[in-house]
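Here is a brief report for someone meeting this structure for the first time. Look over the sequence and the fold before reading on.

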Amino acid sequence: KLFTMAEAGNSTQFIKLYSKATIMGYQRNHHYQRRSCSLLKIEGVNNKDDAEFYLGKRVAFVYKCAAAKSGTSRNAPNADGKTRVIWGRITRSHGNSGAVRSRFRVNLPAKTIGATVRVMLYPSRV
């Protein structure tokens with residue numbers, strides 16, 4: 001998402017909060033797949049050198065549920081309690097085409113293959 005900095009007086013400068021990525025599947029071989037390691041394809045990343053920037057960055061899979069979660073704050077952006085997040089982290093690159101491996105706190109379900117995740121631009125390593 002891009003936000004303008006109108007408060008700072010410069011309306012042409014944009015702040016990029018996250019990059020989009022697509023879940024390609026799990027790390028696998030001919031016999032089985034490791035569901036604890038998800039493969040992501042980040043938009044605009046086409047080689048291993050570009051993927052190096054994203055190592056260690058946090059990943060958020062945002063989804064909506066049918067049932068509302070109890071104990072949600074009324075002041076929260078998702079006051080209905082139906083929006084949830086599974087957090088993860090990019091661990092290393094995968095192959096030469098810019099794909100990356102990631103681990104989530106809870107393994108992603110199989111129906112998320114092909115879905116979009118947010119790659120946050122923090123923590124910074126520069």
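The report below goes from the overall fold to the core, then to the rings and one strand residue.

**Overall fold**

This is a predicted model. The protein chain has one helix and eight strands. From the N terminus, the order is β-β-β-β-α-β-β-β-β. The chain holds 126 residues, and 29% of them are buried. Its accessible surface is about 8,600 Å², and carbon and sulfur atoms account for 50% of that. Take the contacts with a separation of 6 or more: 57% of them join residues 24 or more positions apart.

**The core**

The largest nonpolar core contains 17 residues. Leu 40, Ile 42, Phe 61, Ile 90 and Val 117 have the most contacts inside it. Strands 3, 4 (33-42), 5 (58-64), 6 (83-94), 7 (99-104) and 8 (116-120) each give at least two residues to this core.

Val 117 shows how far apart in sequence its partners can lie. Leaving out residues up to four places away in sequence, Val 117 touches Ser 19, Lys 20, Ala 21 and Ile 23. Val 117 also touches Leu 40, Val 59, Ala 60 and Phe 61.

**Rings**

Two aromatic pairs are counted. The table lists both.

| Pair | Centre to centre | Angle between planes | Arrangement |
|---|---|---|---|
| Phe 53 and Tyr 54 | 5.0 Å | 85° | edge-to-face |
| Phe 61 and Tyr 63 | 5.5 Å | 20° | stacked |

Why is the pair of Phe 61 and Tyr 63 stacked? The planes of their rings are at 20°, and planes under 30 degrees apart count as stacked.

Burial varies within the pairs. Phe 53 is partly exposed, at 44% relative accessible area. Its partner Tyr 54 is buried, at 10%. Phe 61 is buried, at 9% relative accessibility. Tyr 63 is partly exposed, at 27%.

Charged ends also sit over rings. The charged end of Lys 57 lies over the ring of Phe 53, 4.6 Å from the ring centre. The charged end of Arg 58 lies over the ring of Trp 87, 4.3 Å from the ring centre.

**A residue in strand 3**

Gln 27 belongs to strand 3, which covers residues 18-28. Is Gln 27 buried or exposed? Gln 27 counts as buried because its relative accessibility is 15%, and buried means under 20%. Which residues does Gln 27 touch, not counting those up to four places away in sequence? The partners of Gln 27 are Gln 33, Arg 34, Cys 37, Leu 39 and Arg 101.

Notes. Residues are numbered from 1 along each chain as its sequence is written. This is a predicted model: local features need pLDDT of at least 70, side-chain atom pairs count only at pLDDT 80 or more; totals for chains, interfaces and linings use all residues. Side-chain values use heavy atoms; hydrogens and water are left out. Helices (H or I, at least four residues) and strands (E, at least two) are DSSP runs, numbered from the N terminus. Buried means under 20% relative accessible area, exposed over 50%, partly exposed in between (1.4 Å probe, protein chains only). Contact means heavy atoms within 4.5 Å. A nonpolar core is a set of buried Ala, Val, Leu, Ile, Met, Phe, Trp, Tyr and Cys residues joined through side-chain atoms within 4.5 Å. Rings of Phe, Tyr and Trp (its six-membered ring) pair if their centres lie within 6.5 Å; planes under 30 degrees apart count as stacked, over 60 as edge-to-face and the rest as tilted. A charge sits over a ring if NZ of Lys or CZ of Arg is within 6 Å of the ring centre and within 35 degrees of the ring normal. Accessible areas come from the Shrake-Rupley method with a 1.4 Å probe; for residues, only the protein chains shown count as cover.
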